[in-house]
Amino acid sequence: MEKKNNLKTLTTVLSQYYQDNDRQKLNQLTQLLQNDTIKNPSDPFMRHYYLMSLSTLYHLDFLVASIDDQNELIDYFFNIGYWQFYDLCLLANVVNMIHVERITPYIFDILKQYATNNMPTASVETVSKILINALETSIIQKKMTLLDIY
């Protein structure tokens, strides 16, 4: 339960900082999370929280993550057999920092799981956020291939 509460708190804070365009607070939070990641290198959640914060910073300038960070996230998503709340939140919060061609298969997988009613109804809002963020990402990256799924 603690992981879900931390995730919800973090996503709420990131969303507020993004809406306020508060780079100073985003930079401070990102640095704090990076330090926590360095102190706890075996904790994947701390690393994911750091990447979500970094992604929010990147989103302000429409930047894409390094190939290493993208590969790390893609490797994580590749190993998901059943998309759960945490996985969906992670994707929703980092989708903009990954090349859209690399995330399209995971969006199809999520939609398939959603269409077959194999997803909790509580995740519907997060799936919607993923689709909106992916659409925005495809437009920003000028990769309209993602539009074919809508």
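This text follows one pair of packed helices and then a set of salt bridges in a predicted model. Residues are numbered from 1 along each chain as its sequence is written, and side-chain values use heavy atoms, without hydrogens or water. In this predicted model local features need pLDDT of at least 70 and side-chain atom pairs count only at pLDDT 80 or more, while totals for chains, interfaces and linings use all residues.

The axes of helix H6 (residues 100-115) and helix H7 (residues 124-140) come within 11 Å and cross at roughly 155°; helices here are DSSP runs (H or I, at least four residues) numbered from the N terminus, and axes are lines fitted to C-alpha atoms over the stretch in contact, with angles from 0 to 180 degrees between N-to-C directions. H6 and H7 are therefore roughly antiparallel to each other, a term for angles over 145 degrees. Among the residues in contact (heavy atoms within 4.5 Å) are Ile-103, Ile-107 and Leu-111 in H6 and Val-127, Leu-131 and Ala-134 in H7.

The structure also holds 4 salt bridges, each a side-chain nitrogen of Lys or Arg within 4 Å of a carboxyl oxygen of Asp or Glu. One of them joins Arg-23 and Asp-61 (2.9 Å, N to O); because Arg-23 lies in helix H2 (residues 23-39) and Asp-61 in helix H3 (residues 44-61), this pair ties together parts that are 38 residues apart in sequence.

Arg-47 forms a salt bridge with Glu-72, the closest N and O atoms being 2.8 Å apart, and Salt bridges that share partners join Arg-47, Asp-69 and Glu-72 into one network.

Note on methods:
Helices (H or I, at least four residues) and strands (E, at least two) are DSSP runs, numbered from the N terminus. Angles under 35 degrees count as roughly parallel, over 145 as roughly antiparallel, 65 to 115 as roughly perpendicular and the rest as oblique.
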